[in-house]
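Please open the model in your viewer and keep the sequence panel visible. This tour proposes a series of selections and states what each one shows.

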Amino acid sequence: MKRADKKALLELFQTYKEPLGNYIGAEGLQKLFEDLQVDPSDIVTLVLAWKLRASSTCEFTETEFVEGLANLQVDSLEKLKRKLSSLRKEIEDPSKFKAFYQFVFQYSKEPSQRSLPAETAMALWDILLRGRFSLLDSWLEFLKNNTHSISKDTWNLLYDFSQLSETDLSDYDDNGAWPVLIDDFVKWLKKEQPNKHES
Amino acid sequence: MSRRLGSRVLILPFKHSVQADPKYAERTWDSLKEAIKEICKHNTGVLSYEELYRNAYNLVLHKHGDMLYNGLEDCLTELLDQVVRQVAAHTDSSFLEKVKQEWEWHKVSMIHIRDILMYMDRTYVAAKRKTPVYDLGLALFRKVFIKSTLIYERLVNGILGLVELERKGEEVNRQLLASLITMLRDLNGEQEGEEIFYDFERRLLKETADFYYEEAQLQLSICSCPVYLRRVEQRLVEEQDRIQSYLCVNSPSELIKVVQDELVTRHMETIVDMENSGFVHLVRNDCTQDLAIMYNLFHKVQGGDELLRSRLKKEIHTQASLILNDVDNRDDPIRWVEAVICLRQKYMNIVDDAFCHEQSASRNTSMDAWSLDTCVDKKLLQTVNDSFEWFLNQFVRTSEYLSLYLDHRIRTDFRNASEAEMENCFEQVILLFRAVRDKDLFERYYKQHLAKRLLSGRNFSEDIERIFIEKLKSECGYQFTSKLEVMFTDIRTSAEEVEAFRTALDDPQSSLNGIEFQVNVLTTGCWPIRNQPAARLPLEMQRCCQAFEKIYFARHSGRLLSWQTSLGNVELRAHFPSRRHELQVSTHQAIILLLFNHHDELSFRQIQEETGLPQNELIRCLKSLACGKYRILCKEPKGKEVVDTDMFSFHSKFTCKLVRIKVANIMAEKETEEEKRETQGRVDDDRKPQIEAAIVRIMKARRYLDHNNLVSEVISQLQTHFVPEPAEIKRRIESLIEREFLERDNNQRSYRYIA
């Protein structure tokens with residue numbers, strides 16, 4: 001395969017970048033996604049950010065964009081479009097997914113904060129874990145009333161939690177090393193739906 | 001012989017006719033056989049030992065050993081058969097005696113026979129490996145006589161019958177029984193079919209079990225628990241005696257066990273739970289002797305100990321819950337603690353007096369003798385302690401009440417108490433303290449109450465306080481008590497400050513308006529006192545404070561004083577129309593009262609404005625002045641509660657027999673629900689950094705540890721102060737992960753220390 005054409009990428013970059021800065025901002029991203037015919041809330045947009053090693057949300061720097069796409073052997077919109085489907089397949093692999101999932105936390109939070117606001121987290125979980133976590137809806141319901149921010153530790157461990165044999169939660173050890181929020185969730189769940197989750 | 005024919009005399013040699021007489025052996029044997037029969041009939045007088053011995057000797061010598069031996073066997077068998085028929089003909093009343101007699105005789109006979117046939121024993125028997133003569137005699141006795149169907153059953157039944165009679169209380173011939181049983185034992189063989197003694201033992205055990213089964217049924221239906229226990233004890237003593245005397249079984253302990261099983265083990269629960277006389281009843285009424293008997297019996301059987309422990313635990317829980325649920329007790333700290341102490345003492349006494357068992361013998365060196373140590377049953381002691389621990393930690397106000405109790409005793413009783421009483425009181429408090437899990441909560445209350453005692457202005461005894469502090473130190477370590485030192489020092493230096501202050505004043509009378517003024521200067525941070533803004537003091541008091549400050553700041557530069565009016569007390573001279581009284585009041589109460597020097601009547605709001613007191617405090621003070629025992633103020637409308645629309649006026653018609661009236665003292669009292677929550681909240685806040693420090697300490701040392709081990713290490717490190725909840729520990733761990741002191745390991749049940 002011939003090497004990616006950096007010049008072409010730079011031009012691409014120019015098309016979308018902010019007028020006053022050397023980065024692609026929120027508007028530029030929106031246009032990019034439109035052109036790619038991808039919904040902005042599609043998980044693949046996050047996968048792209050992961051692959052480009054973007055450091056903060058709704059923003060691609062020149063380096064991230066150009067170098068990142070070059071590494072993906074992509075130098076045009078067409079190629080990018082095709083690449084997206086292979087990206088989707090890539091995260092089907094659980095180990096890759098886990099790394100991706102953990103990346104999303106870092107990517108989504110404010111640089112100055114240590115944790116993620118609950119609302120943001122909830123929106124992200126809806127995208128990321130839909131179809132991978134059978135208790136997702138209960139979890140989101142539980143969170144509505146229950147906390148203000150999600151720590152990195154809790155975010156990471158939620159993925160592990162989602163991979164437990166979920167239907168009866170009999171594996172769950174509440175004297176174990178799960179974060180307190182997840183302990184509380186299990187307690188709440190058992191109280192709310194005693195029939196389904198007896199263990 | 002000689003013949004007279006001529007002059008020749010012929011002397012012929014003596015011809016002895018020694019033929020190999022075939023009939024010689026038979027004849028010899030026959031005569032021996034007769035002799036044996038005579039021996040067995042005890043007619044030894046007519047016999048010559050040497051002749052018989054020689055006959056036997058000759059037989060054996062001439063290779064007739066077989067005939068002799070087999071003949072002996074047949075002869076004895078025949079004789080014994082006859083004996084069987086003779087003995088069997090006796091009636092039951094003399095049957096056993098006859099058996100014994102025959103046995104004795106048989107032994108004697110066999111000795112004689114053995115003596116005669118000793119040569120055969122030594123040569124023929126040894127060579128042919130046959131049973132020696134005496135043993136043969138015994139074996140034949142067993143086989144022919146004892147095991148005869150006419151004899152055996154009657155014999156065994158007879159023996160067992162006598163035993164049963166004796167058990168029922170009749171006197172029996174013990175010697176006879178001893179002989180017979182020893183006989184059975186001696187005759188016991190190794191081969192199958194020969195184990196007559198083992199058979200007898202088995203029958204005996206079964207009979208014993210049946211007998212005592214019935215006994216238990218009978219006694220349980222008529223006896224109360226203590227009476228039954230005594231009967232059981234007696235039965236056991238009797239059986240032991242029987243065993244010593246004649247019931248020489250191979251395994252006495254097995255026999256005793258059978259008795260115990262039937263009398264005790266089978267009915268353990270029935271005995272213990274007997275209504276109105278069982279374990280619970282005995283414990284409630286302190287019947288230590290009966291309990292001691294019960295314990296001794298139950299201790300020896302399987303499951304007895306556990307049963308007692310479980311009942312004791314249940315009973316303590318019941319009684320303790322009664323204390324807990326009694327409303328009067330719950331509201332009165334002193335009563336509550338005293339009830340608990342009393343209850344605990346009761347059970348300790350019972351355990352000490354009743355639940356002891358003998359330990360192995362030990363050498364008492366001072367007396368140079370062996371003595372048996374009795375020691376208290378540790379597990380029962382543990383049960384008492386554990387139950388109290390459970391109970392004390394059930395009740396949320398335990399720590400507070402304990403400290404209040406201590407405070408009360410120190411303030412009121414210890415003036416006149418002996419050292420022993422004081423020591424005892426402190427010991428009791430410490431024992432309960434040891435069981436409390438939230439030790440830091442107790443420490444907090446103790447400090448508060450101690451501070452109040454120190455500041456109350458009355459003479460407190462530093463020595464008494466120190467005795468208790470020493471005890472706390474040995475329980476909890478010195479860090480706790482080091483802060484208390486500062487409190488004591490402050491009191492001492494305050495006295496010096498006041499001295500200096502008084503001497504430095506030019507004209508005490510005028511500068512202080514004749515007020516006697518006392519100050520305690522407290523080091524901030526060491527006293528459990530929150531810095532609160534001062535109430536608005538009347539002018540006279542303000543002047544005193546200013547005068548003090550002037551001199552204090554001259555002596556010590558760079559210090560800041562903040563006046564705490566909530567803790568002072570004042571003696572007011574009150575001029576009522578009827579007479580003068582001296583009122584001992586708190587500073588806040590004094591401020592309020594002094595307002596009425598300038599006003600006849602004041603509303604709640606006005607008082608609030610003038611004094612600047614916070615709402616709760618004001619309500620409390622006014623309540624004590626207007627609705628309490630001594631009504632110095634009148635309240636409109638009348639009633640027990642103070643609301644912010646009330647009006648207050650000086651109660652000119654106040655009378656009281658006493659001249660000096662204590663309206664209130666800054667003394668320790670029970671917290672309101674709200675205050676209690678606050679204190680608990682503060683304690684919880686204090687615990688968080690302690691938990692975190694423990695986690696960091698442990699992780700720093702271990703570097704890598706799994707979750708469960710970390711939690712248990714944290715608990716064990718902190719439990720001298722309080723027992724942290726695992727959930728709280730988890731929260732602290734998460735917080736430390738956030739702050740990057742720790743990280744999770746990949747397998748996610750362990751943590752790693754981040755250096």
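In which loop of chain A is Cys58(A) found? Select this residue in the predicted model: Cys58(A) lies in the loop between H3 and S2 of chain A. Its phi is positive, at about 60°, although Cys58(A) is not a glycine. Most residues other than glycine have a negative phi. Colour the residue by accessibility, and Cys58(A) proves to be partly exposed, with a relative accessible area of 42%.

Next, select helix H3 of chain A, residues 43–51. Eight of its nine residues are buried, so that the helix is mostly covered. Among the buried residues are Ile43(A), Leu46(A) and Trp50(A). To see what surrounds them, display helix H2 (26–36), strand S2 (60–61), helix H5 (77–90), helix H6 (94–108) and helix H7 (118–128) of chain A; the buried residues of H3(A) pack against these elements.

Now move to chain B and view the whole chain. Chain B contains 31 helices and eleven strands. Its C-alpha atoms fill a box of roughly 190 × 70 × 55 Å along the principal axes. The radius of gyration of chain B is 49 Å, whereas a compact globule of 755 residues would have one near 27 Å. Of the 755 residues in chain B, 45% are buried.

Within chain B, select Arg129(B), in the loop between helix H5 (118–128) and helix H6 (133–146). Arg129(B) also has a positive phi, near 55°, and is not a glycine. Is Arg129(B) buried or exposed? At 77% relative accessibility, Arg129(B) counts as exposed.

Continue to Pro637(B), in the loop between strand S6 (633–636) and strand S7 (647–650) of chain B. Inspect the peptide bond that leads from Glu636(B) to Pro637(B): this bond is cis, with omega near -5°. Most peptide bonds are trans.

Finally, turn to the cysteines. A disulfide is a covalent bond between the sulfur atoms of two cysteines. How many disulfides does a search of the whole structure find? The search finds zero over all chains. Select Cys225(B) as an example: the nearest cysteine sulfur, that of Cys287(B), is 9.7 Å away, while a disulfide requires sulfur atoms within 2.5 Å. Cys225(B) is buried, at 0% relative accessibility. Then select Cys545(B), for which the nearest cysteine sulfur belongs to Cys544(B), 6.6 Å away. Cys545(B) is in no disulfide and is buried, with a relative accessible area of 10%.

Conventions. Residues numbered from 1 in each chain as written. Chains lettered and ligands numbered in written order. Predicted model: local features only at pLDDT ≥ 70, side-chain atom pairs only at ≥ 80, totals over all residues. Heavy atoms only, no water. Helix = DSSP H or I, 4+ residues; strand = E, 2+ residues; numbered from the N terminus. Rg over C-alpha atoms; globule rule 2.2 N^0.38 Å. Buried < 20%, exposed > 50% of the residue type's maximum accessible area, 1.4 Å probe, protein only. Contact = heavy atoms within 4.5 Å.
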